[in-house]
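Me: I have a model open in front of me. Please take one helix-to-helix contact and go through it closely, then show me what lies around it. Short sentences would help.

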Amino acid sequence: ATVSRPATTTMNNTDAGENMLVSDAEAALALEFVKVTAMCMESYITAEARGSKMLDEVYSVMLNLHNCLLSLQAAGDDGLVVQSKIASLCEYWWKNENVWKDREDLVVQLMPLLVAKSVDESATTADIKRLYQMRHAFDVLDFEDDSSNDIKALLLRTLSSPLYLQEGKRVLSYLYQHMPQDLHQAMKAQIPNAKKAVLDAYGEVLFRAWKDAAKNSTDDMIRSTFEEVILKDFTYAILHVGSSPMIKSLHIVL
């Protein structure tokens with residue numbers, strides 16, 4: 001006789017680092033629990049009477065919700081709704097920097113999510129503005145660690161995004177503080193076949209980034225990398241590249 005089995009869904013246990021098979025009913029119940037928890041957190045932390053008082057237990061719940069963000073990407077449409085709610089809560093917590101503690105822990109999964117949304121084919125200007133408002137959260141990420149490889153790969157896609165080159169140039173300029181050489185190599189690869197509008201956008205991004213580096217008196221490494229590596233590399237290319245179209249393109253950028 002054939003024994004029927006309930007439909008199953010793979011869920012990721014981020015604490016144990018293991019995949020578990022659960023029934024669709026169990027997965028739906030777990031998702032509903034996360035949804036209700038997020039709604040409770042929203043009511044609690046946005047209450048006007050809450051002021052600066054925040055229980056440690058509330059932070060613990062928020063951290064657990066944050067740690068679900070990327071897993072919810074594979075939980076269907078309902079999961080994406082819950083994911084959006086949690087992302088908004090993490091943003092709200094981050095922006096209250098003078099009130100609540102440990103906001104840095106609530107952006108590790110949030111920032112890759114916001115970046116991915118901003119480079120998606122369905123991205124809008126609002127997605128880029130949202131990321132720009134959260135730009136200082138990039139400061140707490142370790143771009144030298146291998147764990148940042150995925151978000152770096154997403155960010156490099158921004159240099160070929162028409163929407164970013166129209167509406168997200170301030171974001172791109174800010175990113176030069178964290179991954180200047182990666183962005184430089186990605187931009188160089190785009191220049192030979194880029195249209196004038198793209199080259200003009202690259203020039204504006206570099207100019208903004210250079211001004212930001214010049215104003216940043218606390219980090220000589222940023223200025224040194226920008227002036228001694230990026231600008232010098234472009235200048236050297238203008239003097240030594242044999243292709244006239246390439247020279248013209250570099251002149252537009254600079």
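Reply: Start where H4 meets H5. From H4, the residues in this contact are Met111, Leu114, Val115, Lys117 and Ser118. From H5, they are Asp127, Ile128, Arg130 and Leu131. By type, the residues of this contact divide into five nonpolar, one polar and three charged. Keep in mind that this is a predicted model.

Now the geometry. H5 covers residues 125-133, and its axis lies 9 Å from that of H4. The angle between H4 and H5 is about 150 degrees. Angles over 145 degrees count as roughly antiparallel. H4 and H5 are therefore roughly antiparallel to each other. The crossing of H4 past H5 is left-handed.

H4 also meets H3. H4 covers residues 110-119, and its axis comes within 11 Å of the H3 axis. These two axes cross at roughly 120 degrees. H3 passes H4 in a left-handed crossing. On the H3 side, look for Gln83, Ala87, Cys90 and Glu91. On the H4 side, look for Leu110, Leu113 and Leu114. The residues of the contact of H3 with H4 divide into five nonpolar, one polar and one charged. Leu114 is worth finding in your viewer. It is listed in the contact with H3, and it is listed in the contact with H5.

Next, the core. The largest nonpolar core has 67 residues. Six of them touch the most other members: Ile86, Trp93, Met111, Phe138, Tyr176 and Ile191. H3, residues 76-95, gives this core its largest share, seven residues. Met111 is one of those six, and it also takes part in the contact of H4 with H5.

Look at Trp93 as well. Not counting residues up to four places away in sequence, Trp93 touches Ile45, Met54, Val58, Tyr59, Met62, Trp100, Lys101, Arg103 and Leu106.

Follow the chain past H5. His136 sits in the loop between H5 and H6, which covers 149-156. Is His136 buried, partly exposed or exposed? Its relative accessibility is 38%, so His136 counts as partly exposed. Leaving aside neighbours within four places in sequence, His136 is in contact with Trp94 and Tyr174. Its C-alpha atom is 9.9 Å from that of Leu175, although the two residues are 39 apart along the chain.

Now compare a buried residue. Met187 belongs to helix H9, residues 180-190. Its relative accessible area is 0%, so Met187 is buried. Leaving aside neighbours within four places in sequence, Met187 is in contact with Leu159, Tyr176, Tyr202, Leu206 and Phe234. The C-alpha atoms of Met187 and Leu159 are separated by 6.6 Å, with their positions 28 residues apart along the chain. Tyr176 is one of the six core residues with the most contacts to other members.

Finish with one more helix pair. H10 covers residues 196-215, H12 covers residues 244-253, and their axes are 7 Å apart. Their angle is about 45 degrees. That makes H10 oblique to H12. H10 brings Lys196, Leu199, Asp200, Tyr202, Gly203 and Leu206 to the contact. H12 brings Ser249, Ile252 and Val253. The residues of this contact divide into five nonpolar, two polar and two charged. Tyr202 and Leu206 link back to the previous stop, since both are in contact with Met187.

Technical notes
Residues are numbered from 1 along each chain as its sequence is written. This is a predicted model: local features need pLDDT of at least 70, side-chain atom pairs count only at pLDDT 80 or more; totals for chains, interfaces and linings use all residues. Side-chain values use heavy atoms; hydrogens and water are left out. A nonpolar core is a set of buried Ala, Val, Leu, Ile, Met, Phe, Trp, Tyr and Cys residues joined through side-chain atoms within 4.5 Å. Buried means under 20% relative accessible area, exposed over 50%, partly exposed in between (1.4 Å probe, protein chains only). Helices (H or I, at least four residues) and strands (E, at least two) are DSSP runs, numbered from the N terminus. Contact means heavy atoms within 4.5 Å. Axes are lines fitted to C-alpha atoms, for helices over the stretch in contact, and angles run from 0 to 180 degrees between N-to-C directions. Angles under 35 degrees count as roughly parallel, over 145 as roughly antiparallel, 65 to 115 as roughly perpendicular and the rest as oblique. Ala, Val, Leu, Ile, Met, Phe, Trp, Tyr, Cys and Pro count as nonpolar, Asp, Glu, Lys and Arg as charged, and the others, Gly among them, as polar. A crossing is left-handed if the near helix is turned anticlockwise from the far one by less than a right angle, and right-handed if clockwise.
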